[in-house]
Amino acid sequence: MTHSGETTVAVPTGALGSGIRAADMKAALAAGAHAFAVDAGSTDSGPSYLARAVSKYTREAVKRDLALLMEAQVKAQIPLLIGSCGTSGTDAGVDWTRDIVLEIAAELGWSPRVALLYSEQSRAAIKHKNAAGRVRPLAPAAPLTDADVDACEHIVALMGPEPYAAAVRAGAQIVLGGRTTDTAVIAAVPLLRGAGTGPAWHAGKIAECGGQCTVNPLDGGVLIRVRVDDFTVEPLSESNACDPHSVAMHMLYENSDPFRLIEPGGVLDVTGARYAAIDRRTVRVAGSRFDPAPYTMKLEGAANGPFQTIMIVGIADPAVLGDLDAFAERWTAVLYDRARYGVGDDAEFDISLRLYGWNGVSGRTPSPGTPLPPEVGVLFVATAATQALATAVAKACNAAFFHYPVKAGIELPSYAFPFSPAEIERGRAYRFVLNHVVEVDDPAELVRVAWAEPSRREVAAGA
């Protein structure tokens with residue numbers, strides 16, 4: 001499919017499940033959109049969702065968004081592309097989203113042709129690639145080992161736009177993809193229809209978070225119109241606007257370089273891009289280019305970690321706040337002593353105190369002269385190999401955590417604790433293991449394709 005003119009893609013939200021407005025869908029249809037494209041995943045919320053293969057968003061919220069998208073798709077008969085299904089883009093996330101789509105389709109009395117793109121990888125496949133020297137680390141990760149791979153609960157490879165374009169070319173009305181770069185799912189249809197590679201990739205980057213590139217990010221999604229040499233971006237809401245600053249600054253979102261963005265198969269270079277307002281709501285962007293490079297796919301893998309139990313206390317004692325850093329150091333030492341007494345010297349555990357209102361976010365000692373806060377919230381975290389041990393550590397530390405005095409010999413203080421029982425079992429912690437790229441000979445090499453229909457939950461690839 002090629003087109004020498006313009007490709008219009010509606011991106012009504014930055015994350016499936018975070019909310020779509022019916023008015024925005026109506027505006028997209030009125031604008032003559034050629035496709036809907038929405039990202040559904042991220043690593044922003046940490047490794048838990050990948051390790052557990054569950055969605056960050058509720059099923060009800062995802063279903064509400066999908067229902068609006070599918071109703072509009074039926075009216076316009078244009079492709080609907082969803083990337084990184086189920087937050088982490090695992091096979092389970094694709095299947096979970098598929099089931100919601102088929103449920104909605106049954107309610108609408110509709111039988112869409114749904115392509116399923118799976119990009120979860122087996123441990124054996126990644127080990128094979130690594131042994132062949134085709135996996136390399138991204139800073140600050142170390143070279144990959146078999147032990148790293150074995151530790152992962154789930155491994156996904158981030159797809160580019162090619163599998164989506166192939167699915168649309170094969171007649172898919174809805175494409176549900178596993179883990180995909182945010183940009184690729186939006187760039188896919190413009191690239192398929194013959195848009196310039198630079199404008200298509202750049203437009204995808206700008207629109208990846210929906211309204212985040214507008215002057216009012218909370219006011220709906222956006223519409224991109226992509227051509228051979230340039231693209232425009234505008235909000236779907238009439239009450240919102242884009243300006244050159246709001247559009248240009250989105251190149252910095254999740255990207256350390258405001259001019260270059262590495263994607264599968266090349267690098268988006270916007271060094272020569274120029275942003276110009278063409279009316280009060282719309283910005284035109286020209287001069288971006290895409291430089292081809294050997295095709296790589298980023299690998300993400302997450303592993304199970306230890307268990308944690310937490311306690312929370314608030315402190316407003318001026319004497320404590322006046323000597324907070326030294327107090328916290330003494331306090332931590334006492335907590336370790338109490339924990340060892342309570343669970344045994346041979347037990348392995350970790351205790352940390354996070355002083356919110358002082359340095360709980362940065363972890364760094366504030367600069368000299370920093371004004372003292374009127375109060376701090378202290379988060380106690382016990383980490384151990386089992387939940388029982390982490391909770392035992394917290395219980396052993398209870399009295400010292402809530403009543404440790406600023407200095408010996410004074411009456412025991414009573415700090416403010418919000419919950420009883422004080423110990424809160426947080427469950428398992430998780431960690432990212434893979435931050436690597438894998439070289440592939442073909443964009444579809446690590447992608448498996450299947451088709452789903454309401455009458456049959458899933459049919460074989462190529463059916």
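The largest nonpolar core holds 61 residues, and Leu81, Tyr164, Val175, Ile186, Ile224, Val233 and Met297 touch the most other members. Helix H8 (residues 182-192) gives the most to this core, with seven residues. Another core lies apart from it, with 35 residues, among them Ala28, Val38, Ala67 and Val94. The model is predicted.

**Strand E9 and its partners**

- Strand E9 spans residues 230-235, and six of its six residues are buried.
- In a regular strand, side chains alternate between the two faces of the sheet.
- In E9 both faces are covered, with Asp230, Thr232 and Glu234 buried on one side and Phe231, Val233 and Pro235 buried on the other.
- Strand E8 (residues 222-226) runs antiparallel to E9 and is joined to E9 by five bridges.
- One of the bridge pairs puts Val222 opposite Pro235 of E9.
- The connection from E8 to E9 is a hairpin of three residues.
- E9 also pairs in the antiparallel sense with strand E13 (residues 283-286), over four bridges, and here Thr232 has Arg284 of E13 as its bridge partner.
- Val233 of E9 is among the core residues that touch the most other members.
- Neighbours within four places in sequence aside, Val233 is in contact with Ile206, Cys213, Val222, Leu223, Ile224, Cys242, Val247, Arg281, Thr282 and Val283.

**Cysteines**

- The count of disulfides is zero.
- Cys213 is in no disulfide, and its nearest cysteine sulfur, that of Cys242, is 4.6 Å away; the cut-off for a disulfide is 2.5 Å between the sulfur atoms.
- Cys213 has a relative accessible area of 0% and is therefore buried, as the limit for a buried residue is under 20%.
- Cys397 also counts as buried, at 0% relative accessibility.

**Helix H7**

- Helix H7 covers residues 162-169, and its buried residues include Pro163, Tyr164, Ala165, Ala167 and Val168.
- Tyr164 is also one of the residues with the most contacts to other members of the 61-residue core.
- The elements covering the buried residues of H7 include strand E3 (80-87), strand E4 (114-118), strand E7 (174-177), H8 and strand E19 (448-453).
- Gly171, just after H7, takes a positive phi of about 105°.

**His154**

- His154 lies in strand E6 (residues 152-157).
- The side chains of His154 and Glu120 are joined by a polar contact of 2.7 Å.
- With neighbours within four places in sequence left aside, His154 is in contact with Leu50, Ala51, Ala53, Thr90, Glu120, Glu300, Gly301 and Ala302.

**The three-stranded sheet**

- Three strands form an open sheet in the order E10-E11-E14, with antiparallel pairing.
- Strand E10 (260-263) and strand E14 (289-292) are the edges; each has a single partner strand, so one side of each has no neighbour in the sheet.
- From one strand to the next, the twist averages 25°.
- Four bridges pair E10 with strand E11 (residues 266-269) in the antiparallel sense, and Ile262 has Val267 of E11 as its bridge partner.
- Strands of a sheet pair through backbone hydrogen bonds.

Note on methods. Residues are numbered from 1 along each chain as its sequence is written. This is a predicted model: local features need pLDDT of at least 70, side-chain atom pairs count only at pLDDT 80 or more; totals for chains, interfaces and linings use all residues. Side-chain values use heavy atoms; hydrogens and water are left out. Two strands pair if DSSP finds at least two bridges between them. Helices (H or I, at least four residues) and strands (E, at least two) are DSSP runs, numbered from the N terminus. Axes are lines fitted to C-alpha atoms, for helices over the stretch in contact, and angles run from 0 to 180 degrees between N-to-C directions. Buried means under 20% relative accessible area, exposed over 50%, partly exposed in between (1.4 Å probe, protein chains only). A polar contact is a pair of N or O atoms within 3.5 Å; within protein, one must be able to donate a hydrogen and the other to accept it, and residues adjacent in sequence count only if both atoms are side-chain atoms. Contact means heavy atoms within 4.5 Å. A nonpolar core is a set of buried Ala, Val, Leu, Ile, Met, Phe, Trp, Tyr and Cys residues joined through side-chain atoms within 4.5 Å.
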